[in-house]
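Hi,

Here is the structure we talked about handing over. Please load it first; my notes on the cysteines follow below.

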Amino acid sequence: ETAFKHFDRADADDDPIYFGRAAQDQCSGVELVCGGCMPFENESIIARENTTFQARIGPSGNERGYMGITGRAGWGISWYINGTIIPELVVERGKTYTFIIEGGTDSTDLSNYHPFYITDSISGGRLQNTEEEKASETVFAGFDENDQEIGVGRLCQLMETEVSENTRESCSDLQTYIDTLETPASCNSGEPGTLVWTPDENTPDLVYYQCATHLNLGWKITVVDAVPAETEFDNCIPLHETLQLSWRVDSNNSNIRFRLCGCQSIDANTNQYMGFGLSGSASSTQMFGADPTIAWVDETDGPQAVDYYLSAYTQCRAGLGACPDAMDSSRTCNDDIIDVSGSITNGQQCVSFTRQFSTSDSTCDITIDPDNTNQYIVWGVGGLGETAFKHFIRAEATDDPIHLRREPQDQCVGIKFICDS
């Protein structure tokens with residue numbers, strides 16, 4: 001808070017303090033009794049090459065959120081990166097990162113206009129700074145050579161509800177609070193903005209992502225020469241002789257990270273996609289209504305992972321069939337796949353990606369119940385360039401479901417891919 005809205009004594013009839021009295025310690029043996037809750041845990045996202053960050057606006061979480069995490073005055077709203085409030089980002093010099101920005105585009109409505117930028121200022125707010133203050137700030141991304149903000153896109157904003165306020169005040173954890181926020185059925189009109197940034201040898205070890213119109217909406221970006229290698233996945237199963245699935249569940253039971261590994265190509269002329277997702281039926285393997293992710297490594301654009309929904313056994317036409325979630329805005333579906341990375345080695349491709357257990361996209365995404373022991377799945381492989389997934393099947397319709405919360409087990413050890421040359 002920029003001013004002390006509440007600064008009072010508990011009782012109006014308390015005695016005054018005599019500062020000139022003889023030395024006397026009345027605090028000995030008296031313990032502090034503090035009300036309220038501990039701040040939310042500040043999450044970290046270790047970013048790797050081709051990582052994509054989604055930047056949206058949401059509530060600051062008051063004393064448990066922005067103020068509690070940073071120790072700085074909040075403005076009532078904050079940046080949410082990949083669905084969580086002001087995480088610390090860890091990036092590597094020389095790698096390229098993409099920010100999908102949904103902070104508003106109407107510069108005449110400053111309360112809903114939040115240009116995203118990367119700076120050495122811990123506070124941000126460049127557009128309200130004096131020329132002298134601007135001169136002392138270094139901007140690394142989000143403004144062009146004419147000092148015009150470019151990190152803008154349609155506004156998508158999470159809203160606090162009575163339920164989420166009660167959740168916050170009852171000392172629940174961060175993910176429980178986020179799960180109770182009101183997510184708009186659709187964002188404002190327009191398209192998200194895109195900001196691409198490559199930190200280099202001149203980028204300091206610590207910078208910040210911020211809002212250009214308001215102070216204190218973002219937080220830290222730690223820049224390192226080499227990010228730690230990706231943590232090993234807890235589980236792996238072979239889905240097919242050309243496809244293996246690995247996964248791990250985060251400690252908060254909010255996200256699950258998958259890795260698909262398979263052959264780069266079907267034949268000398270056709271590269272291959274890898275598909276995996278949740279069945280359209282909770283009790284069996286079913287293509288209709290399934291929620292798969294299609295992944296591949298493009299030799300030019302790098303690793304790709306696209307959120308799909310199978311609404312019919314047809315090619316995608318007019319938003320029906322095997323379609324990307326973001327293809328038809330009339331369905332108010334969104335691509336909720338984040339943190340995509342991958343590579344090709346000796347003709348084999350691996351793509352890793354993350355999705356939330358429960359996304360805001362109730363139309364096209366199937367919720368993963370963190371307490372559910374089993375989940376029926378679908379998988380498939382096929383040639384890139386096909387207008388529809390001609391082959392997106394399980395090898396056997398009677399396959400058992402996957403226990404996503406099982407004890408760690410690597411069933412891929414010793415199993416090699418069989419790829420056509």
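**Cysteines and disulfides**

Cys27 is exposed, at 59% relative accessible area. That is because the cut-off for exposed is over 50%. Cys211 is buried, with a relative accessible area of 0%. Keep in mind that this is a predicted model.

The structure contains four disulfides. Three of the pairs are described here.

Cys37–Cys171: the sulfur atoms of Cys37 and Cys171 sit 1.9 Å apart. This link is left-handed, with -80° about the S-S bond. The pair connects distant parts of the chain, 134 residues apart. Cys37 is in the segment before β1 (44-46), and Cys171 is in the loop between α3 (162-169) and α4 (174-179). Cys37 is partly exposed at 24% relative accessible area. Cys171 is partly exposed too, at 43%.

Cys156–Cys187: the S to S distance is 1.7 Å. The torsion about the S-S bond is about 120°, so this disulfide is right-handed. Cys156 lies in the loop between β9 (153-155) and α3, Cys187 in the loop between α4 and β10 (193-197). They are 31 residues apart. Both Cys156 and Cys187 are buried.

Cys261–Cys350: here S to S is 2.0 Å. The torsion is about 115°, so the link is right-handed. Cys261 belongs to strand β15 (residues 255-263) and Cys350 to strand β22 (residues 348-356), so the disulfide ties together parts 89 residues apart in sequence. Cys261 is buried, with a relative accessible area of 9%. Cys350 is partly exposed, at 24%.

Best wishes

Definitions and conventions:
Residues are numbered from 1 along each chain as its sequence is written. This is a predicted model: local features need pLDDT of at least 70, side-chain atom pairs count only at pLDDT 80 or more; totals for chains, interfaces and linings use all residues. Side-chain values use heavy atoms; hydrogens and water are left out. A disulfide is a pair of cysteine sulfur atoms within 2.5 Å. Helices (H or I, at least four residues) and strands (E, at least two) are DSSP runs, numbered from the N terminus. Buried means under 20% relative accessible area, exposed over 50%, partly exposed in between (1.4 Å probe, protein chains only).
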